[in-house]
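Colleague: I am new to reading structures, and I keep meeting words such as "buried" and "oblique". Could you take me through how such words are earned?

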Amino acid sequence: MEIDRQTALLEGLRILELTYGLSGSYAGRLFAESGAQVTKISADVYGFSAFRDTGKRIIQTTDALLPETIAEQLTGRRWDIVLWDSHMADDLEGRLKKLIQRLADPCLSVRIRFPDGVGATEETALQERGGWTNLTGDPDRHPLHIGGDPATSLVGAHVAAGAMFAWLGRKRTVVEVDAMTVIVSALEGAYSQYKETGEVRRRAGNRHRSLAPMGIFPCQDGFTLIGAPVDEQWELLERWMGDNPKPKWATVEQRQESYHSLETAITNWSKTMDRDSLFHTGQAFRLPFGNVQTIGDVKKCPHLQTRQFWKMGDPSRGAHLPWIVHRSRTGRRGTVPMEKLRILDLTSMWSGPYCTRLFADQGVEVLKVEAPHRPDGIRGTATFFRELNRNKKSVTLDLRQQADLEKFWELVESCDVLVENFSPRVMENFGLTREALWERQPGLLIVSLSAFGQTGPYRDYVGYGPTLESMAGLASLTGYGDGIPWLPGFSVSDMGAGIHGAFALLGALYSHRQDGRGIAIDLSQYEAAVQLSGDYIMEGTFSTELQKTTGSRCVADLKEFGPVLETEMNGGGRSIAAPWSSSGDPVRLYEPAPELGQHNLFLDDFIKKKDRMQV
């Protein structure tokens with residue numbers, strides 16, 4: 001089936017990129033690939049990236065002529081957003097700020113702030129200083145860098161999203177994006193947990209720290225990611241392995257306590273199986289298995305080829321952004337300003353809740369919907385759950401019950417955005433296709449953050465962060481040089497999917513203002529994870545030689561960044577701050593996430609509320 005690989009949402013937006021580092025370059029990529037006009041000014045020493053700099057208008061100059069070139073472009077053309085970073089020399093930055101202040105047409109300025117000691121190459125220093133390497137690798141050996149460029153890609157995506165939040169909020173000021181806040185926020189709640197309990201998280205090895213089993217295992221022809229973290233899933237896997245149920249492994253807590261013997265049993269079984277059989281059979285059982293793919297495997301992946309992820313079908317020509325855009329035939333009059341926006345949040349775990357929390361932090365009304373029989377699986381990690389779901393309202397609805405399904409449809413009609421991260425067939429089984437949603441709410445924006453996207457041979461496959469990091473080549477780029485792939489010490493791809501989803505939704509809001517038509521974003525978390533190693537795929541710049549860390553900080557060492565990392569919650573305690581700030585922003589008090597369904601009493605009033613004033 002032919003797919004219209006449409007990703008453009010920001011046509012008409014004009015960006016001037018003056019960044020020196022990889023993070024700013026990735027932010028520029030997101031704008032350029034989304035249809036914005038991006039002009040990049042750079043001195044001769046900059047090495048251009050076939051992945052990050054594609055689609056940009058490049059103006060190359062010398063260090064001596066750089067100030068004049070910037071001045072000429074700033075005053076000679078009209079810009080909507082100007083991007084720069086703290087790698088810029090102080091005197092040049094001072095001149096830039098004065099030029100921007102004198103512009104006849106005000107523009108939005110976005111500056112990326114890096115701590116001292118993080119140079120323009122950024123990736124290694126960010127991983128080491130932000131606690132990433134400390135959590136990755138064998139606990140009895142030295143820590144590892146995570147392969148690819150995940151740190152700079154995440155920072156860049158937050159820069160792009162922060163710029164769009166300010167632009168849609170009609171702010172023409174200076175927005176600062178703090179790189180270390182992004183990096184520490186990616187640690188799967190480790191910093192918030194440390195601040196609340198004093199617990200310092202340690203390396204868990206080649207597996208997820210709290211899900212068991214969820215790790216990399218050898219097989220006949222390589223390595224595979226085996227996951228069965230839910231008790232029912234483990235019972236199924238245990239039968240597949242041919243073992244009699246063992247009471248000592250009945251619960252996830254017990255499996256964690258005896259993980260060494262569990263790992264030995266799984267290894268003895270997996271070594272007799274081939275990789276593809278494990279992957280596809282496991283997924284047929286709805287188990288989050290994954291192939292541990294090399295970069296070469298990723299380039300040949302049939303799912304990515306079917307979804308036409310590679311430009312012109314050729315990985316050497318580049319990768320598309322990790323979403324496909326669908327538009328409704330009709331729309332509605334007017335658009336809703338950011339301060340009146342309503343989001344219906346059907347997400348759980350990490351990626352989806354992080355996406356919607358970024359909007360809740362900006363004052364957007366976000367209503368989190370959970371099923372009473374199946375609440376968000378991350379509620380058991382209370383500190384992290386509060387971090388991901390602060391500022392949201394909460395209701396419980398059982399969509400298997402007709403009365404609750406009817407109430408849900410009323411919610412759809414009263415909201416502007418719906419975000420979900422189910423596998424595709426879940427929404428279809430409830431009759432919640434994009435066509436049905438648009439029939440009830442013609443201008444609805446829909447963001448679907450499924451593991452593998454809404455189309456392709458793997459569309460109904462399920463996945464956690466480790467599944468996607470294995471599939472996307474990140475694990476194969478991480479290791480001790482002995483050929484064994486290693487998982488990152490936390491699910492870095494979850495934040496990657498969440499922030500790319502937020503940027504895509506912001507782009508949809510921008511595009512929606514043109515004609516009011518509904519927009520559906522089909523975002524593949526797998527494709528979002530592939531973005532984190534895009535330079536390696538395009539240019540083959542990775543090395544098989546082991547890169548030892550020069551520094552490895554744990555979360556207890558991050559207190560020097562406390563003033564920018566933390567914010568006070570009026571329900572008590574502290575939490576990770578939003579990664580961006582701008583002059584004139586009011587100080588916000590962060591609410592902890594509500595208890596399950598405690599706000600159900602307000603639901604009818606929420607639905608009836610009609611004071612959103614479209615403009």
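Modeller: Happy to! Let's begin with a word we will use often: contact means heavy atoms within 4.5 Å. Please keep in mind that this is a predicted model.

Colleague: Thanks! With that cut-off, which residues is Thr75 in contact with, leaving aside its neighbours within four places in sequence?

Modeller: Thr75 is in contact with Leu99 and Leu103 once those neighbours are set aside. Thr75 itself lies in helix 2, residues 66-76. Along the sequence, Thr75 and Ala104 are 29 residues apart, while in space their C-alpha atoms are 8.7 Å apart.

Colleague: Why does Thr75 count as exposed?

Modeller: Its relative accessibility is 56%, and exposed means over 50%. The value for Thr75 is therefore on the exposed side of the cut-off.

Colleague: And what makes the pair of Thr75 and Ala71 a polar contact?

Modeller: A polar atom of the Thr75 side chain lies 2.7 Å from the backbone oxygen of Ala71. A polar contact needs a pair of N or O atoms within 3.5 Å, where one can donate a hydrogen and the other can accept it.

Colleague: Let's move from one residue to whole helices. Why is helix 2 called roughly parallel to helix 3?

Modeller: The axes of helix 2 and helix 3 (residues 90-101) cross at roughly 15 degrees and come within 11 Å. Angles under 35 degrees count as roughly parallel, so helix 2 is roughly parallel to helix 3. Their crossing is right-handed.

Colleague: Which residues of helix 2 and helix 3 meet?

Modeller: From helix 2 there are Leu66, Pro67, Glu68, Ile70, Ala71, Leu74 and Thr75, and from helix 3 there are Leu92, Arg95, Leu96, Leu99 and Ile100. Sorted by class, this contact has nine nonpolar, one polar and two charged residues.

Colleague: Now helix 14. What makes helix 14 and helix 20 oblique to each other?

Modeller: Helix 14 (residues 351-361) and helix 20 (residues 492-515) pack at an angle of about 45 degrees, and their axes are 7 Å apart. That angle is not under 35, not over 145 and not in the range 65 to 115, and the rest counts as oblique. Helix 14 and helix 20 are therefore oblique. Helix 14 passes helix 20 in a right-handed crossing.

Colleague: What does the contact of helix 14 with helix 20 have, by class?

Modeller: By class, there are 11 nonpolar, three polar and one charged residues in the contact of helix 14 with helix 20. Tyr354 and Leu358 are among those from helix 14, and Leu505 and Leu509 are among those from helix 20.

Colleague: How do you know that helix 14 and helix 15 are oblique too?

Modeller: The axes of helix 14 and helix 15 (residues 382-389) cross at roughly 45 degrees and come within 7 Å. By the angle rule, helix 14 and helix 15 are therefore oblique to each other. Pro353, Tyr354 and Arg357 of helix 14 make this contact with Glu387, Leu388 and Asn389 of helix 15. Its classes are three nonpolar, one polar and two charged residues.

Colleague: Back to burial, then. Why does Gln441 count as buried?

Modeller: Gln441 has a relative accessibility of 6%, and buried means under 20%, so Gln441 is buried. Gln441 lies in the loop between helix 18 (434-440) and strand 15 (445-450). Not counting residues up to four places away in sequence, Gln441 touches Arg332, Val412, Glu413 and Cys415. A polar atom of the Gln441 side chain lies 3.4 Å from the backbone oxygen of Glu413.

Colleague: Here is a pair to sort: are Asn391 and Met312 buried or exposed?

Modeller: Asn391 has 15% relative accessibility, so Asn391 counts as buried. Met312 has 70%, so Met312 counts as exposed. Asn391 is found in the loop between helix 15 and strand 13 (393-396), and Met312 lies in the loop between helix 13 (302-306) and strand 10 (323-331).

Colleague: What phi values do Asn391 and Met312 have?

Modeller: Phi is positive for Asn391, about 70 degrees, although Asn391 is not a glycine. For Met312, also a residue other than glycine, phi is positive and near 55 degrees.

Key
Residues are numbered from 1 along each chain as its sequence is written. This is a predicted model: local features need pLDDT of at least 70, side-chain atom pairs count only at pLDDT 80 or more; totals for chains, interfaces and linings use all residues. Side-chain values use heavy atoms; hydrogens and water are left out. Axes are lines fitted to C-alpha atoms, for helices over the stretch in contact, and angles run from 0 to 180 degrees between N-to-C directions. Helices (H or I, at least four residues) and strands (E, at least two) are DSSP runs, numbered from the N terminus. A crossing is left-handed if the near helix is turned anticlockwise from the far one by less than a right angle, and right-handed if clockwise. Ala, Val, Leu, Ile, Met, Phe, Trp, Tyr, Cys and Pro count as nonpolar, Asp, Glu, Lys and Arg as charged, and the others, Gly among them, as polar. Buried means under 20% relative accessible area, exposed over 50%, partly exposed in between (1.4 Å probe, protein chains only).
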